[in-house]
Amino acid sequence: MAAIAEIPVIAEPAKTKKGRSKKALQPKNPPASEANIIAGALSEASPAAATLPEISAGKENHESLSHSNTKKTKKGASKGGKKQQAAEVSSFEKELQEMQEKLEKLRIEKEQTEETLKAKEESLKQKEEEIETKDREQEKLKGELKKLQKMKEFKPTMTFSFGVATKDQEKEKKDKKKSTTKRPSPPYTLWCKDQWNEMKKANPEADFKEMSNLLATKWKTITAEEKKPYEEKYQTEKEAYLKIVGHEKREHEAMRLLEDEHKQKTAMELLDQYLQFIQESEKETKKPKKEKDPLKPKQPMSAYFIFSNERRAALAAETKNVLEIAKITGEEWKNMTDKQKAPYEKIALKNKEKYMKEMEVYKQKIEEESASLKKEEEEFMKLQKQEAMQLLKKKEKTETLIKKTKEDRQKQKKEKGEKIVDPNKPKKPASSYILFSKEARKNIAEERPGINNSTVNSLISLKWKELSDEERQMWNGKAAEAMDAYKKELEAYNKKVVAEEAQKS
């Protein structure tokens, strides 16, 4: 029994650190040294006959103990494996959730980056468009600068006989005119001149102010008969003055009209010269590009070009540049013999013959088209001439009708015995609008020389409508002043006519 109790103690060390494995533990055979020790112990304890049944019984006990131990280890291992599996599953789920969260973050970042990229692309496109527009504007400005530089080179052949009068010169002329023709002094001033010396003798200590006051009080006491000679003198002087001023005004207006006509003529001539200069400069700078006719047959290729086209595909496959290909083909063509060049030259000759035939057909077509165009132009010119002649006839008819009506009216006036209008009779003054239109017409003619009369009238009416109340009052004041002057001139003229008629009678 002692030997049997010792057997499991020896077999137990084989179980160390094997409980965690998933596989079932198998009983290990004891090594040779241990087996010998056990055999020696058994031989010492009992004799050989008794040992055999005891050894078999020990073996059975050992097997049952080992089997029970393996069952216990299996149960422990299964429990530990389940816990480990649960822990692994939970950790795996956590990792999955983390991975999904990371994927969502990456997706959001991807969308944001795509949006930023799109915004950058749009901004780049806008910048490119802005750069293109700026380049176009710069090109336009360069062209305008070139035109301005050419304008500096423009030297007209015109000579201004009258000369352009500046504002200062006009002011000087006005001042001179004012100084030469003095206005007549009124009757009160004439009387003051006569009475000044007498009044000064009576009041030697009196001032200029006191003298003027004394004369004013005396003038009030004078009768109408005493004032009459001074008034008559004033009227005669005034008539003479008005005649001189009227004559000077008419001369000034005539000279101004002449200058305006001359300016218009010179402006038109200058414009023609400038247009010719621009045309010549454009011809010099801009070389007109010949428009290629799509129907015109293309020139055939030479033998060398046919050969180079054949070799280009093979050389391009070897990843060589255009310059390298041209050099290689040129060297190969030079090294080729006449027999090697012969097939390419034959192809070139055939293409040339075909091209010559096509060119003959093309030239015939062009000649036919040019002849038809000439006929159309001649017919169009005939129609234009007919229209021009009809317009000329209409103009002549209208002119003759106007002349006849004028002659008829003059005859009727003579027959009726109507009075002929006196040229010395003062004319009615212009209205405020007409005065404004005269000045506006000058400015428009200076700004836009050679403009049509109808457009000038429309521009003047627009400017008149745009005037403020203050500006209109100024023009109305000028018209009122002119009207007052006209009334005075008319009174003087009527008196003169009455006096002349009285002298005749």
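Start with the whole chain: of its 505 residues, 12% are buried, where buried means under 20% relative accessible area, exposed means over 50%, and partly exposed is in between (1.4 Å probe, protein chains only). Before you go on, note that this is a predicted model, in which local features need pLDDT of at least 70, side-chain atom pairs count only at pLDDT 80 or more, and totals for chains, interfaces and linings use all residues. Residues are numbered from 1 along each chain as its sequence is written, and side-chain values use heavy atoms, with hydrogens and water left out.

**Stop 1: the cartoon view**

Switch to a cartoon and colour by secondary structure. You will find 13 helices and 0 strands; here helices (H or I, at least four residues) and strands (E, at least two) are DSSP runs, numbered from the N terminus. Following the sequence, the pattern reads α-α-α-α-α-α-α-α-α-α-α-α-α.

**Stop 2: helix 3**

Select residues 48-153, which make up helix 3, and find E130 there. Then add its companions: E128, E129, E130, E132, D135 and E139 gather on the surface as a patch of negative charge. Such patches are made of residues with over 30% relative accessible area and no salt bridge, with like charges joined within 9 Å and nonpolar side chains (Val, Leu, Ile, Met, Phe, Trp, Tyr) within 5 Å. Lys and Arg count as positive and Asp and Glu as negative, while His and the chain ends are not counted. For measuring distances in your viewer, the place of a charge is taken as NZ of Lys, CZ of Arg, CG of Asp or CD of Glu. The areas come from the Shrake-Rupley method with a 1.4 Å probe, and for residues only the protein chains shown count as cover. E130 itself has a relative accessible area of 46%, so E130 is partly exposed.

Now select R107 and E111. These two form a salt bridge, with their closest N and O atoms 3.3 Å apart; the rule asks for a side-chain nitrogen of Lys or Arg within 4 Å of a carboxyl oxygen of Asp or Glu. Why are they about one helical turn apart? Because E111 and R107 are 4 residues apart in helix 3. Both ends are partly exposed, E111 at a relative accessible area of 39% and R107 at 46%.

**Stop 3: a bridge between helices 8 and 9**

How many salt bridges does a search of the whole structure find? The search finds 2. For the one between E332 and R311, zoom in on the closest N and O atoms, which are 2.9 Å apart. E332 lies in helix 9 (residues 322-335) and R311 in helix 8, so this pair ties together parts 21 residues apart in sequence. E332 counts as partly exposed at 25% relative accessibility, and R311 does too, at 26%.

**Stop 4: aromatic rings**

Show the side chains of Phe, Tyr and Trp. Rings of these residues (for Trp, the six-membered ring) pair if their centres lie within 6.5 Å; planes under 30 degrees apart count as stacked, over 60 as edge-to-face and the rest as tilted. The count comes to 12 aromatic pairs. One of them is F307 with Y344, edge-to-face at 5.5 Å centre to centre and 75° between the planes. This pair links distant parts of the chain, 37 residues apart: F307 is in helix 8 (residues 303-317) and Y344 in helix 10 (residues 338-416). Are these two residues, F307 and Y344, buried or exposed? Both F307 and Y344 are buried.

Move on to F436 and W464, whose ring centres are 5.3 Å apart with planes at 50°, so this pair is tilted. F436 sits in helix 11 (residues 432-447) and W464 in helix 12 (residues 453-466), 28 residues apart. F436 and W464 are also buried. To finish here, select Y304, F305, F307, W333 and Y344 together, a cluster linked by ring pairs.

**Stop 5: contacts across the sequence**

Pick Y362 in helix 10, a buried residue with a relative accessible area of 12%. Its C-alpha is 6.6 Å from that of K296, although Y362 and K296 are 66 residues apart in sequence.

Next comes K265, in helix 7 (residues 224-285), which counts as exposed at 56% relative accessibility. K265 and G450 are 8.9 Å apart, C-alpha to C-alpha, and 185 residues apart in sequence.

Last, go to D484 in helix 13 (residues 469-504). D484 is partly exposed, at 43% relative accessible area. Between the C-alpha atoms of D484 and P429 there are 9.3 Å, with their positions 55 residues apart along the chain.
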